[in-house]
Amino acid sequence: MRISSHYFRYPYPPINRLSGACVAHIRRLESRRFWPDDTAKAFWHWAALAHGPLKRMADPFTSTRCGIPECGCDPGYSRDHLEAIMHALPKKSARELRTLVWDLDSKILRRAKVIHAYSPDVPWWRDQL
């Protein structure tokens with residue numbers, strides 16, 4: 001049985017401020033290499049961390065990370081997915097998404113003063129969240 005797209009609702013809101021071309025590139029990339037809607041899900045989780053309460057940021061010494069990306073207990077997996085998408089997209093689309101993601105990164109780094117990032121190119125989210 002095929003589900004009509006008219007009745008299907010995505011569980012995560014679309015990423016605002018992206019051009020139609022960038023959204024099309026992301027959808028095409030998700031259909032070939034990732035799961036559909038994974039980028040919106042990862043962006044939503046990363047934005048929730050940036051705008052939510054600081055207690056959501058796990059302490060690397062006491063957190064219980066299971067190592068399963070689908071679980072969602074490690075916010076670094078969302079950021080890793082966004083990084084993978086940004087590297088796979090064409091340059092212009094990657095620049096659009098990178099601008100939004102780096103804005104969230106800087107908000108997280110400003111709010112959580114214990115996280116050290118020496119460059120936006122270094123994956124600081126893997127060891128310090």
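**Close-up views of helices α1, α2 and α4**

**View 1. Buried and exposed residues of helix α1.** Cys22, Ile26, Leu29 and Glu30 of α1 are buried (under 20% relative accessible area, 1.4 Å probe, protein chains only; exposed is over 50%). They cover an arc of only 100 degrees around the axis, taken from the directions from the axis to the C-beta atoms, and so lie on the same side of α1. Gly20, Ser31 and Arg32, on the other side of α1, are exposed. Helices here are DSSP runs (H or I, at least four residues), numbered from the N terminus. The model is predicted: local features need pLDDT of at least 70 and side-chain atom pairs pLDDT 80 or more, while totals for chains, interfaces and linings use all residues. Residues are numbered from 1 along each chain as its sequence is written, and side-chain values use heavy atoms, without hydrogens and water.

**View 2. Ser93 in helix α4.** Ser93 belongs to α4 (residues 91-111) and is buried, with a relative accessible area of 3%. Apart from neighbours within four places in sequence, Ser93 is in contact (heavy atoms within 4.5 Å) with Ala21, Cys22 and His25. The cover over the buried residues of α1 includes α4, along with α2 (38-51) and α3 (75-88).

**View 3. The pairing of α2 with α4.** The two axes, lines fitted to C-alpha atoms over the stretch in contact, come within 8 Å and cross at roughly 30 degrees (0 to 180 degrees between N-to-C directions). α2 and α4 are therefore roughly parallel (under 35 degrees). Among the residues that meet are Phe43, Trp46 and Ala50 in α2 and Leu97, Leu104 and Ile108 in α4.

Notes: Helices (H or I, at least four residues) and strands (E, at least two) are DSSP runs, numbered from the N terminus. Angles under 35 degrees count as roughly parallel, over 145 as roughly antiparallel, 65 to 115 as roughly perpendicular and the rest as oblique.
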